[in-house]
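User: Please take a close look at one part of this structure, the sheet and what packs against it, and then set that part in its surroundings.

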Amino acid sequence: MAENASDLVVETYKLTKIYQNRQIALNDVSLRIEPGSVLGLLGPNGAGKTTFVRLILGLHRPTAGWVKVFGKTMTPNAADLRRRIGYIPTNPQFPRGMSPITYLDYMARLFGLPADVRKPRLASLIRAVDLLAVSGDPVAGFSNGMTARLAVATSLINEPELLVWDEPTHGLDPEARRSMLELIKTLSREKTLIVSSHNLSDIDEVCNHAAVLSRGQMIFSGSLQDLKGRMRRNHYELDLEGDQKAIAKATQVIKGFSEFKGAALRQRRLELRMNDEAVNTSALANVFMTLADNKVTLVSIRSVGQQTEQAFLDLVEKEESRGFARACQNAEAA
Amino acid sequence: MDTTALIAKPKINRWLPYWAVLQSDLRQTIHGWVYRVWVLATLLAAIGFLLYRVGVDREAGIMQSASTFISDLLRWSVVGSIAPIIVLAGGCISSERGIMADSVLSRGISRYQYFLGKWHARLVTVVGTYLVFGLIAITGSFFFLHEDIKILGSLIALVTVIVLLAGVTTCGVTASAMCNSTVMGVAILWMVLYGVGFGLSLLPVRYPTPDYVLTNLPNILRGLYNFAQLGRLILWTVAGSILVALVGMCYFSRRDV
């Protein structure tokens, strides 16, 4: 853990952004990102993810609060801080007349890299992202996958310590998406990453920290395990094997258990819904005992709903239902 | 042992981002249709103007002095060039807003460098193009027309006109940095230029206004000029341009993109 604030890669304090006094895009967001973290930035459309990313990069100025990157305040003129950041925007676009070579060269010059550094580096990156065959072709004709790979190369041209990737898997086919996730895993060994995504399974796979934004407010920030810990563990599906009558009999017994508010049998799949206050381990132990007594074999058991997604939806749902209570709490805290 | 500490960081050239934007914008402007239309139209208009004057000479026997011919050519090409120059300068930053923010300003470049790169690129384009045209016209007239023009007078006339165009270009780039859309930038620039032009036309004759200088071009080409007065106009225009650019740069460095 970072011992003092200057060790943090990103720190925001009461970060607020109001566009032209019309739209509150971000409200009172305080966050600390430590070196080596892979932070997944989650939130529904319009939650303020891109605004948050743009504030970190100094593309927007905060209406209130501040952003510090590598211990220094980020401003539109903080070029020295941006030299340490690699950024991929949502739906990256490139000047149509440029080729990967000319574009990467231009980007490297924007980072102030001299020719003897940037030329070998761009050649290595073009090779690494598998664009060697089209390195002289105009980017206008590139597919989504090729565009994404060029964006990755661009974000790595300055060998950054912090990578900020805004929806990097957006619009990619499954193969390209898989490659992107593997790349994030590889890069996370030596860099700090902020990955904004709608795709919760992506975040679940590659991130170790999560921050959830809803309507411009940060409603959760912590480890991914903490986020999953908030998930309602009360919905399970069991695939069973054995005599149909025995399965039906076992189901009837299970329906009588007080821990369950519902048990439905469809063919050989048993769907169980637990009460909120029930302890899932003891309830499931009773279920297994009942199945064993009726000589029913358990083929598989799973928690219904993608874990992170469920936790995320729960958080957003709770946040939206709190209404004025939240405002009162904030006022009291202040 | 921490091996990363031993890896030498590459030496950063702090002005390379500025040069990159300048070169990229120069290339982009020269390949743009607005610039090409401007150059082509100016060339065709100059050739047409020359043919007309030759025709008048041959058919009616009216000889025209080089100073009158060149001053007309310079004046009308300035008037005709204002519109494309406004479009060229007025959209240079605002037209790239989305791509600019994502591709360029998120890298290791400051807003100041970006503004300076764009401003200087447009200045070089406009000033360079007009300088080439003007020098060709003056050199040609020196050899092929009646020689009533002086070299120093010609150069001073050309410099004065170029400084005025540089002022217009600077105002355009500043408007572009302050507005969200190209149309808005161009519209505001037109209004400001007309307003300033109207305001200057109300000044007493002793003040050298741009309009006065353009009207007086034949005399300047003949070497009949008040150097101090012209020098003052040039200095005021340069100072005004720098001030306008500073305002645009400071505003751009504080706004969202």
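Analyst: In this predicted model, A:Ile85 has A:Leu162 in E7(A) as its bridge partner. That bridge belongs to the pairing of E6(A) with strand E7 (residues 162-166) of chain A, which runs in the parallel sense over four bridges. The two strands are part of an open sheet of six strands in chain A, with the order E6-E7-E8-E3-E9-E10 and mixed pairing. Strand E6 (85-88) and strand E10 (217-223) of chain A each have a single partner strand, so they form the edges of the sheet and one side of each is left without a neighbour there. From one strand of the sheet to its neighbour, the average turn is 15 degrees when direction is ignored.

Helices of chain A pack on this sheet. H1(A) touches strand E3 (38-42), E6, E7, strand E8 (192-196) and strand E9 (209-214) of chain A, and the direction of H1(A) makes about 150 degrees with that of E7(A). Helix H5 (residues 144-156) of chain A lies across E6 and E7 of chain A and runs at about 165 degrees to E6(A).

Within helix H1 (residues 49-57) of chain A, A:Arg54 deserves a closer look. Is A:Arg54 buried or exposed? A:Arg54 has 24 other C-beta atoms within 10 Å, and because 20 or more are enough for a residue to count as buried, A:Arg54 is classed as buried. Leaving aside residues up to four places away in sequence, A:Arg54 touches A:Leu59 and A:His60. The C-alpha atoms of A:Arg54 and A:Val164 are separated by 9.7 Å, although the two residues are 110 residues apart along the chain.

A:Val164 also appears in the description of the nonpolar interior: in the largest nonpolar core, which has 131 residues, A:Ile56, A:Val164, A:Val195, A:Ala210 and A:Ala211 touch the most other members. For A:Ala210, again without residues up to four places away in sequence, the residues touched are A:Leu39, A:Gly40, A:Leu42, A:Ile203, A:Phe220, A:Leu224 and A:Leu227. A second core, separate from this one, has twelve residues, including A:Leu240, A:Ile254, A:Leu272 and A:Val296.

A:Leu272 leads to another set of strands in chain A. Along strand E13 (residues 269-274) of chain A the side chains alternate, with A:Leu270, A:Leu272 and A:Met274 buried and pointing to one face, whereas A:Arg269, A:Glu271 and A:Arg273 point to the other face and are not buried. E13(A) pairs in the antiparallel sense with strand E11 (residues 235-241) of chain A over five bridges, and A:Leu238 has A:Leu270 as its bridge partner in E13(A). Strand E12 (residues 260-266) of chain A also pairs with E13(A) in the antiparallel sense, over six bridges, and A:Ala263 stands opposite A:Leu272 in E13(A). E12(A) and E13(A) form a hairpin with two residues between them, and in its turn A:Gln267 has a positive phi of about 55 degrees.

Two loops that adjoin strands of the six-stranded sheet also hold residues with positive phi. A:Asn91, in the loop between E6 and H3 of chain A, takes a positive phi of about 45 degrees although A:Asn91 is not a glycine; with 15 C-beta neighbours inside 10 Å, A:Asn91 counts as partly exposed. A:Arg215, in the loop between E9 and E10 of chain A, likewise is not a glycine and has a positive phi of about 50 degrees; A:Arg215 is partly exposed, with 17 other C-beta atoms within 10 Å.

For the wider setting, chain A has twelve helices and 14 strands, and buried residues make up 40% of its 334 residues. Of the contacts in chain A with a separation of 6 or more, 69% are between residues 24 or more positions apart.

Chain A also meets a second chain, with 24 residues of chain A in contact with 26 residues of chain B. On the chain A side, helix H2 (79-82) and helix H3 (100-110) of chain A are the elements that give two or more residues, and H3(A) supplies the largest share, four residues. By class, this side of chain A has 15 nonpolar, five polar and four charged residues.

How values were computed: Residues are numbered from 1 along each chain as its sequence is written. Chains are lettered from A and ligands numbered from 1 in the order in which they are written. This is a predicted model: local features need pLDDT of at least 70, side-chain atom pairs count only at pLDDT 80 or more; totals for chains, interfaces and linings use all residues. Two residues are in contact if their C-beta atoms, placed from the backbone, lie within 7 Å. Ala, Val, Leu, Ile, Met, Phe, Trp, Tyr, Cys and Pro count as nonpolar, Asp, Glu, Lys and Arg as charged, and the others, Gly among them, as polar. A nonpolar core is a set of buried Ala, Val, Leu, Ile, Met, Phe, Trp, Tyr and Cys residues joined through C-beta atoms within 7 Å. Two strands pair if DSSP finds at least two bridges between them. Axes are lines fitted to C-alpha atoms, for helices over the stretch in contact, and angles run from 0 to 180 degrees between N-to-C directions.
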